[in-house]
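Visitor: I'm new to reading protein structures. Could you walk me through this one, a feature at a time?

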Amino acid sequence: MPNRDQKFNVLITGVSTSIGRHLASHLCDDKRVGVVLGVARDEKPYYFNDLPSDRFIYRACDILKYRELNNLFLSRTFKEAQINAVVHLAFKTRISHAEDVHELNVNGTKALLERCIATQTIQKFIFKSSNTVYKLRPHNPVFMDENSDLNFDTDVDQWIKDRVDADMICRSFMDNKHMNIVILRMSNIIGRSVGGQFNAYFDSPVIFKPMGFNPLINLLHMKDVIQAIRLAVFKRGAHGIFNIAGQDTAPITTIAELARSRVVSLPEPVLPLVNWVQRKMGMTTYYYSVDRERQKYTALMDIGKAERELGYKPTGRVEF
Amino acid sequence: MNRQQRQAALALARKILPPDEFERAVSMEVNDAGFGYDAFGLEKETTVLALAVLRYVYKYWFRVESHGAEHVPSKGRALIVPNHSGVVPIDGVMIAVDLANRMKKPRIARAMVDNFAGFLPYVNVFFNRVGSVIGARRNFSDLLEQDELVVVFPEGTKGVGKPFSRRYNLVRFNVGFIELALRHRAPIIPTAVIGAEEQAPLLFNIRPIARMLGFPYFPVTPFFPLLGPLGAIPLPVKYHIFYGPPIELFHEYGPETLDDLEKVRMLADRVQMVVQDMIIKGLDQRKSVFGFGE
């Protein structure tokens, strides 16, 4: 860990995502942070021009390309920045799922992690995971802690498999002596321009759900996402897996009502087809296959560990 | 339910219940996690309406008489541990209605239900909204930590699905409730329900059909499946519920007891004996099964 006088210099992958953009802006305002090095695949987006150029450096890099990743880590920019913490956000949403997305989500995470360990100067690696890694069953307890079973089912959506794989890859490096790895399993993030599943679900004017089920879900405000990542970065010695959820917990129909979406309950076997038609007609970007179980069974995140060890306390309220 | 539906539910409950009982029902406390639900899905308005409707079943169908409600603590965590029977598990519902009616300060009883309730459409939602929770150990712990009044049936589904010939003979209690009572320092209220064991005399259990449907048992009673869904309506037996004085095992047995499985087993057997004794006494006091002339 940086000593008390030393600044935190943070590398953010996937900085052009909504979370990355907010995080970069918050870190640039934080006196404990020296430099923020933002990395994304595309050229520098216009909105980063507002950030102070002496504290925020943007670099286009495809972490999937070995040479580009290597060049990043060998570059003068990287060396001068003296990066000591990495926040890995470059994880594609289900909407853009394709062959290369699987590569990015799983192999990209592994390549980045290995490269970070090889530097021996990066002391913290924070991976934003998701609650979709947990296996849901009818007899689940209502609260899932970090030791709950992961979803290793073979018939689940490829995107969930990628999430679980990436989570497991990070876990497998956790005994590393030089670098603390923090996995933040976040519940459903709701906010403008966030590409989450439930965000897309409640954006739709008509939402379909299985008949006879109405589970409670946790929502997470962007403010709390940033809070959790910042705590993971700054908390000395923090490592391990943490569930992160917000204050808002309600059944699907209640949230739909707040989002002014009309709820239509249909028999479960019909839902994949209806969702496919909705997507083809451009009515939604939501993938039912990812949340098949989540639409039936309640599984809230137990954030006790994050509260105790990180000092996390949700404060944001989701507004529609 | 949305706001209008909630108001409608309360208005309907107000019409059904006498004013003082409505006020009692509405005064029951809920740990609201926001949006009118607790973390386990309990919704006060649905619960009040359900209690109002079930009060008729309680008062006119089963004509429930209860004794010893003063033993149930008006606040803090506690476990109600009754016998379980009757094919259709109405005994838990009647205990919940009884506690709402008889306790000085009414409380919502949180019944632990079998896993299979979780995948039944509509049933799972209704159960959650009226305070029932899937019987996972973690749920049990969380409810006690929230100082809730938890109803647990240590006989499990074996109790509900036991044959008529075995009525009022308890199936051996599971030990989980002892473990949690000790861990969370919760008093146990032994409870005997007399009457439920005759409400639907189970003659056979057709296991292959039960397995196929994913149910714990498929009952054959003198009326079901012969009379179709009507045959599933329980007989109008008279219920007697007896609550015993609290058993506070945590004073005698510390957390180290949990490592001694034999001792935990012994304590479960001890509570079972208390409930069995209460059943025997209750049966002695009972004048008739249906109690119409009483």
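**Where the two chains meet**

Guide: Sure! Let's start with one contact: A:Asp145 and B:Arg138 form a salt bridge through their side chains, at 4.0 Å from N to O. Keep in mind that this is a predicted model.

Visitor: How many salt bridges are there between chain B and chain A?

Guide: The count is 2. You can also look for polar contacts, and there 6 residue pairs turn up between chain B and chain A, both partners at pLDDT 80 or more.

Visitor: Which helices of chain B help build the side that touches chain A?

Guide: Look at helix H5 (123-129) and helix H6 (137-145) of chain B; each gives at least two residues to that side. Sorted by class, the side of chain B touching chain A holds 12 nonpolar, 7 polar and 5 charged residues.

Visitor: And how much area is buried between chain B and chain A?

Guide: About 1,900 Å², with carbon and sulfur atoms giving 59% of it. On chain B's part, B:Phe35, B:Ala39 and B:Arg138 supply 31% of the area buried against chain A, more than any other three residues. B:Arg138 is also the salt-bridge partner of A:Asp145. Counting by contact, 24 residues of chain B meet 23 residues of chain A.

Visitor: Now for the strands. Is strand S2 of chain A mostly covered or mostly uncovered?

Guide: Mostly covered: 8 of the 8 residues in S2 (33-40) of chain A are buried, meaning under 20% relative accessible area.

Visitor: Which way does S2(A) run relative to strand S1 of chain A?

Guide: They run parallel, and 5 bridges join S1 (residues 8-13) to S2(A). To see one of them, find A:Leu11, whose bridge partner in S2(A) is A:Leu37.

Methods:
Residues are numbered from 1 along each chain as its sequence is written. Chains are lettered from A and ligands numbered from 1 in the order in which they are written. This is a predicted model: local features need pLDDT of at least 70, side-chain atom pairs count only at pLDDT 80 or more; totals for chains, interfaces and linings use all residues. Side-chain values use heavy atoms; hydrogens and water are left out. Contact means heavy atoms within 4.5 Å. Buried area is the accessible area (1.4 Å probe) that two parts lose on being put together, summed over both. A polar contact is a pair of N or O atoms within 3.5 Å; within protein, one must be able to donate a hydrogen and the other to accept it, and residues adjacent in sequence count only if both atoms are side-chain atoms. Helices (H or I, at least four residues) and strands (E, at least two) are DSSP runs, numbered from the N terminus. Ala, Val, Leu, Ile, Met, Phe, Trp, Tyr, Cys and Pro count as nonpolar, Asp, Glu, Lys and Arg as charged, and the others, Gly among them, as polar. Buried means under 20% relative accessible area, exposed over 50%, partly exposed in between (1.4 Å probe, protein chains only). Two strands pair if DSSP finds at least two bridges between them.
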